[in-house]
Amino acid sequence: MGRSSIAALHLAGHEVVGLARTPQSAAQIAATGAETCLGDVFDLDAMAAGMQGCDAVANLATKVPVGTGALRPGSLKAIDRIRLHGSRVVTEAAQRAGVERIIQQSLSFMYADLDDDWIDEHSPVDVTHATEPVVVAESNVKAIEAAGGTAVSLRFGLITGNDRNSAWLFRRAAAGRAIGLGAEQSWMHVIHPDDVGSAVVHALTAPGGVYNVGAEPVQRRDYVDTIALAAGRRHGHFLPGWVLRLGGEKLEILTRSQRVSSQLFSDRTGWHPYHPKLTPDWFDDLV
Ligand SMILES: NC(=O)c1ccc[n+]([C@@H]2O[C@H](COP(=O)([O-])OP(=O)(O)OC[C@H]3O[C@@H](n4cnc5c(N)ncnc54)[C@H](OP(=O)(O)O)[C@@H]3O)[C@@H](O)[C@H]2O)c1
């Protein structure tokens, strides 16, 4: 999300300061031509110092466990802390530095399973232990509104392309192993990594609020087959139901049928995905 956003922001003519926790990350950011600020999302002083002179801040920090590690007890602790506490620090730092706009990365996973019905920003959410921190993060950044600022939360679909989670699924599919979760006809909301960055650029001018951001929804059977095809297989396979029961709430959110529309964000900002429909070439980097 960070890499994609820096590239898109530069392309749109913006100056960027990237937050880095290590000298190695700082060097990667510097190589893009962005300025760097050393610090951590939990470090209020470093965050406020890094935001000095900025017009907007995009909070894209994340720590999502990938693969079977996601099933271990406590696997969501780090990401939950970033969502619950990090979003508060970002907001406080923005207020201190006089930054008037916060863009918070969020997830469309929070919506309830609505089967074949379309989902928009007014559709019901289904809050569980797994989705609550996402809802709280959206709510935390709204504190900027009290000082006349603007909070924009982008409810991204599942990032699908050259990211770590897709790479893990791709390797499994290439080996002929199951990657599908849930019902084959259920709907998923996906987004190409490049479109994350272009959405962050468009969020700079969006009216405050929450927006769904993604490509055309895809049915799980097509999602699984598209990855398998890119990985050199004719078909993908689904995991048995007992795996889902083992994963509890952590896996349940990955099985909801979510036919999510991103129309509102397009209408309000003119954003359109460069990659409007999932195709095997989304995985070209992995091939
Ligand atoms: N909509 C979605 O699908 C969605 C949403 C969120 C996350 N994800 C997951 O995340 C992946 C894609 O996101 P990504 O490529 O941006 O993830 P990523 O490669 O893991 O990058 C996360 C970034 O957050 C930074 N970070 C983590 N903890 C931090 C902290 N305490 N303070 C400051 N920065 C911190 C990391 O810095 P370091 O380099 O220092 O670790 C890294 O730069 C996908 O594979 C997916 O599994 C998906």
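Q: What makes the aspartate 40 side chain a polar contact of the ligand?
A: In this predicted model, a nitrogen atom of the ligand is 3.2 Å from an N or O atom in the side chain of aspartate 40. The cut-off for a polar contact is 3.5 Å, so 3.2 Å qualifies.

Q: Which backbone atoms make polar contacts with the ligand, and how do you know that they count?
A: Valine 41 offers a polar backbone atom 3.0 Å from a nitrogen atom of the ligand. Asparagine 165 has a polar backbone atom 3.1 Å from an oxygen atom of the ligand. Both values are within 3.5 Å, so both pairs count as polar contacts. As for cover, the protein takes up 81% of the 920 Å² of accessible area that the ligand has on its own.

Q: What makes up the shell around the ligand?
A: The ligand is surrounded by 20 residues, with Arg21, Leu107, Gly157, Ile159 and Asp163 the closest. Sorted by type, the shell has 11 nonpolar, 5 polar and 4 charged residues. At least two shell residues come from each of strand 4, strand 7 (158-159) and helix 6 (164-174).

Q: Why is the pair of arginine 256 and aspartate 126 called a salt bridge?
A: The closest N and O atoms of arginine 256 and aspartate 126 are 3.7 Å apart. A salt bridge needs a separation within 4 Å, so this pair makes the cut. The two partners sit 130 residues apart in the chain: arginine 256 is in the loop between helix 9 (241-252) and strand 12 (259-260), and aspartate 126 is in the loop between strand 5 and helix 5 (132-141).

Q: Arginine 256 and aspartate 126: buried or exposed, or in between?
A: Arginine 256 has 1% relative accessibility, under the 20% limit, so it is buried. Aspartate 126 comes out at 30%, between 20% and 50%, so it is partly exposed.

Q: What makes Asp126, Glu252 and Arg256 one network?
A: Arginine 256 also forms a salt bridge with glutamate 252, with the closest N and O atoms 2.9 Å apart. Glutamate 252 is partly exposed at 28% relative accessibility. Salt bridges that share partners join Asp126, Glu252 and Arg256.

Q: How do you know that arginine 221 and aspartate 225 form a salt bridge, and where do they lie?
A: Their closest N and O atoms are 2.8 Å apart, which is within 4 Å, so the pair is a salt bridge. Both residues lie in helix 8 (residues 220-230), 4 residues apart, or about one turn of the helix. Arginine 221 and aspartate 225 are both buried. The structure holds 9 salt bridges.

Q: Why do cysteine 37 and cysteine 54 not form a disulfide?
A: The sulfur of cysteine 37 has its closest cysteine sulfur in cysteine 54, 8.9 Å away. A disulfide needs sulfur atoms within 2.5 Å, so 8.9 Å is too far for a bond. A search of the whole structure finds 0 disulfides. Cysteine 37 is buried at 12% relative accessibility, while cysteine 54 is partly exposed at 23%.

Q: Why is aspartate 115 called exposed, and what is its phi?
A: Aspartate 115 has a relative accessible area of 51%, and exposed means over 50%, so aspartate 115 is exposed. Its phi is positive, about 60°, although aspartate 115 is not a glycine. Most residues other than glycine have a negative phi. Aspartate 115 is found in the loop between strand 4 (101-107) and strand 5 (118-119).

Terms used:
Residues numbered from 1 in each chain as written. Predicted model: local features only at pLDDT ≥ 70, side-chain atom pairs only at ≥ 80, totals over all residues. Heavy atoms only, no water. Buried < 20%, exposed > 50% of the residue type's maximum accessible area, 1.4 Å probe, protein only. Salt bridge = Lys/Arg side-chain N within 4 Å of Asp/Glu carboxyl O. Near = heavy atom within 4 Å. Polar contact = N/O pair within 3.5 Å; in protein donor to acceptor, adjacent residues only side chain to side chain. Areas by Shrake-Rupley, 256 points an atom, 1.4 Å probe, with all protein chains shown as cover. Nonpolar A, V, L, I, M, F, W, Y, C, P; charged D, E, K, R; others polar.
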